[in-house]
Amino acid sequence: MVWVRSTHVDMPHQLGDWLADLESETRRAQLREHAERVTQISEQAKQPQLAVKGKEMVEILIALNLDQESLIAALYSPLYEAQLITAEQASTWGGAALPELLNAIQQMQTISALQHFQRGKPNQTQIDNVRRMLLAMVTDIRAVLIKLAERICFLREVKLLDEESRVLAAKECHEIYAPLANRLGIGQLKWELEDLAFRYLHPTTYKTIAAQLLERRIDREQYIAEFVKLLQQKLNDEGVEATVYGRPKHIYSIWRKMQKKGLSFEQVYDIRAVRIITASLKDCYAALGVVHSLWKHIGSEFDDYIATPKANGYQSIHTVVYGPEDKHVEIQIRTQAMHDDAELGVAAHWRYKEGTGVGKGSGLEDKIAWLRKLLAWQDDMAGYDGLVDEIRSQVFDDRVYVFTPKGEIIDLPAGATPLDFAYYIHSQVGHRCVGAKVNGHIVPFTYQLKNGERVEILTQKNTQPSRDWLNPANGYLNTARARSKVVTYFKKLDREKNLKAGKELLEAELARYQVPLAQAESVLERFNMQHLDDLLAAIGAGDVRLHQVVNQLRPEAAVAAERIERITAKKPKHGAASSRQRDVTVEGIGNLLVQFAKCCQPVPGDNILGFVTQGRGVSVHRDDCEQLKHLLEQHPERALEVSWSLHNRGRYQVHLRLIADDRHGLLHDITSVLANEKFHVVQLDSRSDSNTQQAVITVGALIEHQDSVQRMINRLSQLKGISTIERIKQ
């Protein structure tokens with residue numbers, strides 16, 4: 001269901017009382033004072049929509065019972081993000097804590113990096129961004145709530161933009177922010193994010209379901225009213241203290257059930273739904289007894305999330321009954337505290353007194369503990385890429401709930417095995433695991449755990465993990481955390497063996513140059529090592545090559561002698577390579593094997609420089625080549641002066657990248673120029689970017705001189721719409 005508020009962006013100049021739900025007159029007056037300042041600044045900047053957005057965010061957050069400091073931060077957040085106010089100004093107007101909260105809200109933007117996690121392996125920068133985001137969430141959870149409110153406002157704003165902008169915004173909120181709201185138990189925001197995103201991603205389906213709901217609204221409301229009246233009377237007669245009412249219909253949840261179960265609209269059970277809010281836990285089960293005594297229930301649709309809560313802490317009893325006229329009615333039964341948790345999540349435990357900050361409710365502490373657990377796992381996963389998979393599974397994946405022999409509930413990603421369970425309990429339990437029982441029966445390590453099962457791990461003292469556990473094809477471990485612990489175990493196990501082998505190898509090689517082993521400490525920084533033993537173990541494991549270390553330590557005279565001996569003894573090859581030798585003269589040395597670097601593809605006329613390789617002669621680069629600069633930083637002694645021969649007759653391959661406006665006939669014009677100028681084209685690739693409406697075209701051609709390259713560039717640059725032409729490596 002999409003909620004409509006008084007500050008909806010469709011009517012920015014007809015704002016209602018956006019503070020109507022705030023009971024404290026003192027707080028209302030204070031917020032209006034800040035709102036006047038925000039309005040003045042946004043109008044001076046000719047961006048009045050920022051003030052509207054701030055007020056709308058406040059209206060959303062009031063329903064979450066946030067403190068005054070959070071509401072003030074929400075008001076100023078759009079201005080701070082647009083860089084219309086500074087941290088110093090915010091501190092002056094709202095106190096020292098306000099800029100800290102505004103920075104935390106802005107830090108939440110890095111959560112968008114999780115989208116990259118859904119599409120492949122992220123880089124280190126993205127991982128660091130998500131770590132900082134998680135730290136910000138742990139530091140002040142209010143930043144999460146304010147950011148979620150901002151995303152709802154953002155989805156409302158894009159309604160007036162083009163379809164592409166709406167779809168991109170909807171995908172981000174659907175894939176990132178709605179799952180996060182769900183994981184933190186904030187149902188009130190989760191449903192609105194999902195419905196708004198669904199409206200943009202599947203507009204036709206959304207309108208169809210909305211129309212079907214509207215067509216049957218009067219009959220359905222009358223049916224529900226009579227159902228509620230009958231059920232309320234029966235609960236009162238039985239002495240069950242509870243309130244019954246019809247619950248909102250969320251279009252996205254209706255569609256998801258239709259897709260998941262292959263149902264038509266008429267077959268979805270929660271089209272007609274009521275909710276029972278009780279005074280105590282025992283009344284929940286008393287109310288369930290009353291419901292099932294009145295109407296027959298559907299066994300497959302019964303779920304007791306009170307006994308087994310969801311991952312986000314959600315608790316409720318769900319049942320579906322055949323109501324009057326044999327129509328399906330879904331009923332949810334929960335206490336008021338459970339209802340607050342379901343709708344408000346972490347905000348349900350907020351303390352309203354100014355300055356008290358986060359409350360001490362167990363539900364909130366559980367959710368904060370989830371965030372802290374993600375951060376703590378970084379220690380387990382040092383040097384391992386599993387953190388990415390763990391965040392993926394924790395935020396996005398389904399969960400399974402199993403019991404320890406003592407009855408404690410353990411939640412794991414769907415697909416977890418007994419070995420995953422063992423490593424979740426403790427590393428040593430996993431290392432010593434020799435078997436597992438599920439509900440009293442022995443199961444294989446590849447068994448995938450299911451909700452509600454009791455798991456017992458069998459261990460022995462003198463056992464160790466198997467390397468076969470790390471093979472994904474075997475199916476022993478399905479969580480990144482467990483795999484990382486096994487990897488760490490074998491690294492430590494092999495260290496002594498690798499240390500001994502590495503020491504023997506390095507000592508023997510350095511003895512040839514009369515260099516003591518202790519001198520290897522001078523190159524530890526070069527190989528990013530802290531201790532000599534770390535370097536020796538890396539050499540023994542093959543992580544660091546022996547000759548790399550030796551080259552850094554042996555005397556310079558030995559390096560130079562070996563270098564001259566190697567390159568002068570090298571005989572030129574026949575064919576293309578030997579013909580290239582005649583095109584380049586190496587200063588001071590003759591009869592050398594010469595290769596042209598593929599990274600910069602030099603052609604006659606380019607300024608060039610040679611670099612002595614190991615076993616492959618001299619590699620010739622353009623003198624502005626970035627790869628050459630990197631090589632010379634490490635080995636400046638290998639540089640050689642080279643020049644073009646006056647008698648070169650070869651043909652050289654060069655590649656150009658063209659960026660142009662994507663228009664009809666562009667490729668035809670390019671090929672016509674190349675044909676008219678008699679360039680020998682060996683490659684022509686093209687791709688279009690629908691976002692920028694530009695085409696990126698790669699041209700490969702054989703040329704004889706640098707002047708030919710410049711002539712090609714000059715001719716192509718005269719074509720309509722060409723914005724950039726550059727030489728590239730291929």
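This report walks through some salt bridges, one helix and one surface patch of the structure above. Please keep in mind that the model is predicted.

**Salt bridges**

Side chains of opposite charge can pair when their charged atoms come close. In this model, the count of such salt bridges comes to 15. Three of them are set out below.

| Pair | Closest N to O distance |
|---|---|
| Lys53 and Glu150 | 2.7 Å |
| Arg156 and Glu192 | 2.6 Å |
| Glu238 and Lys234 | 4.0 Å |

Let us begin with Lys53 and Glu150, whose closest N and O atoms are 2.7 Å apart. This pair links distant parts of the chain: Lys53 sits in helix H2 (residues 49-62) and Glu150 in helix H8 (residues 142-157), 97 residues apart. Are these two partners buried or exposed? Lys53 has a relative accessibility of 9%, so it counts as buried. Glu150, at 3%, counts as buried too. Both also belong to a network of salt bridges that links Lys53, Lys147, Glu150, Arg151 and Glu157.

Helix H8 takes part in another link as well. Arg156 forms a salt bridge with Glu192. Here Arg156 belongs to helix H8 and Glu192 to helix H10 (residues 187-201), with their positions 36 residues apart in the chain. Both Arg156 and Glu192 are buried.

The pair of Glu238 and Lys234 has another setting. Glu238 is partly exposed, with a relative accessible area of 47%, and Lys234 is partly exposed at 29%.

**Helix H3**

Now to helix H3, which covers residues 68-81. Its 14 residues should span 20 Å at 1.5 Å a residue, and the end C-alpha atoms are indeed 20 Å apart, so the two values agree. Where does H3 bend? A kink of about 35° lies at Leu75, shortly before the proline Pro78.

Twelve of the 14 residues of H3 are buried, so the helix is largely enclosed by the rest of the structure. Among the buried ones are Leu75, at the kink, and Pro78. What covers them? The cover over the buried residues of H3 includes helix H1 (25-44), H2, helix H4 (87-94), helix H5 (97-107) and H8. Just after H3, Gln83 takes a positive phi of about 60°.

**A patch on the surface**

Finally, we turn to the outside of the model. Leu667, Val681 and Leu684 form a nonpolar patch on the surface, and together they have about 200 Å² of accessible area. One of these residues, Leu684, lies in strand S18 (residues 680-689). Leu684 is partly exposed, with a relative accessible area of 35%.

Key
Residues numbered from 1 in each chain as written. Predicted model: local features only at pLDDT ≥ 70, side-chain atom pairs only at ≥ 80, totals over all residues. Heavy atoms only, no water. Salt bridge = Lys/Arg side-chain N within 4 Å of Asp/Glu carboxyl O. Helix = DSSP H or I, 4+ residues; strand = E, 2+ residues; numbered from the N terminus. Buried < 20%, exposed > 50% of the residue type's maximum accessible area, 1.4 Å probe, protein only. Patch = residues over 30% accessible without salt bridge, like charges linked within 9 Å, V, L, I, M, F, W, Y side chains within 5 Å. Areas by Shrake-Rupley, 256 points an atom, 1.4 Å probe, with all protein chains shown as cover. Expected span 1.5 Å × (residues − 1). Bend = angle between axes of the 7 residues up to and from the residue. Contact = heavy atoms within 4.5 Å.
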